[in-house]
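Okay, thanks for coming, everyone. I'll put the structure up on the screen and then walk through a few parts of it.

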Amino acid sequence: MKQFSVSKISRAIAGLCLVAFAHHASACTAVNFSAKDGAVIAGRTMEWAYDMQWTLKSVPAGSAVPLTAPAKMKLAGTELKSKYAFIAVMPAILKGAEAYLEGQNSAGLGMSGNFLPGFTEYQTVATGDKDYVSILNLGRFALGMFDSVKALRAELPKYKVWFDPSEVSGLPTPPWLHFVFTDRTGDSIVIEFVKGQMVISDNVAQVLTNSPTYDWHVLNLRNYLSLTNDGKASVPYRGGSVTALGQGGALLGLPGDYQPSSRFVRAAYLRHLATTPANASEASQLAVHVLNNVDIPVGVVSSTEGGQTVSDYTQWVMIKDLTNNRVMIANDKNRANYVTLDLKQIFSAKDSFSSLIDALPYQPNDATAKFKAATK
């Protein structure tokens, strides 16, 4: 029997504790949808336990894209000018770099960054390297410089993506991240950093959640092959029959908790089984329906840290229409009241605009007066 040293066991336990501790920090879900007319919609939820001062910002074409190595390396940096305008979400509590975790550009490339604690290990920049980018600037680099998943897949592996905790302040946890990129053709990839290597996976499930890594989630889907939308009204039993109590029994076993593995399965199967939408409008509504199934109310998912109870909850949801350059967004207090932005107008502007997501003009839609007038 193989013997394990106490130090190895201790490291393993510490690693597991790290994963468990970090899980309360974010529980995001991203899902892609394609309509019959070719429209591509990419939706995502953002769950967090802290006020991150999430800010939506537009960045015009021609803006600076810094490509730097860790300061301690004393390597020359490069500043590119972005080819594409984009709109993106960043945590304003971060001091320094504007780290974009969600967004889309004028070419129809969309991005969602999700938390991947316990598995993320960024690349190491060596003295002989010439191409590198901080994980905090990866979103700006990708959205500003690439027009498609194909182009990103070809060029990004040439760069070392790094993180130096000494250069970051203001965040409650390190930026352990993996990203899903989707373009208006429907092509989609997941980019992760595992054991110091960049790993690019085809997004075959069209879904991304959190830990473990993407390949594990896809393999785990095989545990749920019996799930179907084709329910039986009755089955024969000893000369008679047993009838179903209601619809939906064929999905018995669909996980309903909020672990990343369960949200991945739930989103993947709901997306797969849903009727294919006809156009961008229907696909956007389908995205809302599916993401509602992973929405976390305040208090439902809680943990205790230092004697204080904190709760992950869905702080905002964004639906990106990559085909028509539109977004829908709603914060936690306006879940039933999305605001819409026509990005064509925003991308054509030379100025930059920004707003806290919580400060967007969510308007009450009280139809009482119209209802009363219509019944006269």
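**Strand 18 and its partners**

Let's start with a pair of residues: Lys320 sits opposite Val327, which belongs to strand 19. The strands behind that pair are strand 18 and strand 19 (residues 326–331), antiparallel and joined by six bridges. They make a hairpin with four residues between the strands, and Asn325 there has a positive phi near 55°.

Before I go on, a word on what you're looking at. This is a predicted model, and the mean pLDDT of the protein chain is 90, with 93% of its residues at 70 or more. The part to be wary of is residues 1–24, where pLDDT stays under 50. For that stretch the model has 17 contacts beyond four places in sequence.

Back to strand 18. What does it pair with besides strand 19? One partner is strand 17 (residues 301–305), antiparallel, over five bridges. Glu305 has Gln308 of strand 18 as its bridge partner. Strand 17 and strand 18 also form a hairpin, this one with two residues between the strands, and Gly306 in the turn has a positive phi of about 60°.

Another partner comes from much earlier numbering: strand 2 (residues 40–48) pairs with strand 18 over eight bridges, again in the antiparallel sense. Here Ala42 is the residue opposite Lys320. So keep an eye on Lys320 when you rotate this, since it faces Ala42 in one pairing and Val327 in the other.

How many of the 14 residues of strand 18 are buried? Twelve, so strand 18 (residues 308–321) is largely enclosed by the rest of the structure.

**The eight-stranded sheet**

Next, an open sheet. Eight strands, antiparallel pairing, and the order goes 13-12-11-8-7-6-3-21. Which strands stand at the edges? Strand 13 (197–202) and strand 21 (354–356): each has a single partner strand, so one side of each is left without a neighbour in the sheet. On average, neighbouring strands in this sheet are turned by 20° against each other, ignoring direction.

Then there's helix 2, residues 138–145, which packs on this sheet. The strands touched by helix 2 are strand 3 (54–59), strand 6 (86–91), strand 7 (102–105), strand 8, strand 11 and strand 12 (188–194). Its direction makes about 175° with that of strand 6.

Is helix 2 buried or exposed? Eight of its eight residues are buried, so helix 2 is largely enclosed by the rest of the structure. Those buried residues include Arg140, along with Leu138, Phe141, Leu143 and Met145.

Within the sheet, let me zoom in on one pairing: strand 8 (residues 110–115) and strand 11 (residues 177–182) run antiparallel, and six bridges join them. Gly110 has Thr182 as its bridge partner in strand 11.

**One histidine**

Last stop, His217, found in helix 4 (residues 214–220). His217 is buried, at a relative accessible area of 1%. What does the side chain of His217 reach? The backbone oxygen of Asn210, at 2.8 Å, and the backbone oxygen of Pro212, at 3.2 Å.

Leaving out residues up to four places away in sequence, His217 touches Thr209, Asn210, Ser211, Pro212, Pro260, Ser261 and Phe264. And Val265, 48 residues away from His217 in sequence, is 7.9 Å from it in space, C-alpha to C-alpha.

That's my tour; happy to take questions.

Key. Residues are numbered from 1 along each chain as its sequence is written. This is a predicted model: local features need pLDDT of at least 70, side-chain atom pairs count only at pLDDT 80 or more; totals for chains, interfaces and linings use all residues. Side-chain values use heavy atoms; hydrogens and water are left out. Two strands pair if DSSP finds at least two bridges between them. Axes are lines fitted to C-alpha atoms, for helices over the stretch in contact, and angles run from 0 to 180 degrees between N-to-C directions. Contact means heavy atoms within 4.5 Å. Buried means under 20% relative accessible area, exposed over 50%, partly exposed in between (1.4 Å probe, protein chains only). pLDDT is the predictor's confidence in each residue, from 0 to 100. A polar contact is a pair of N or O atoms within 3.5 Å; within protein, one must be able to donate a hydrogen and the other to accept it, and residues adjacent in sequence count only if both atoms are side-chain atoms.
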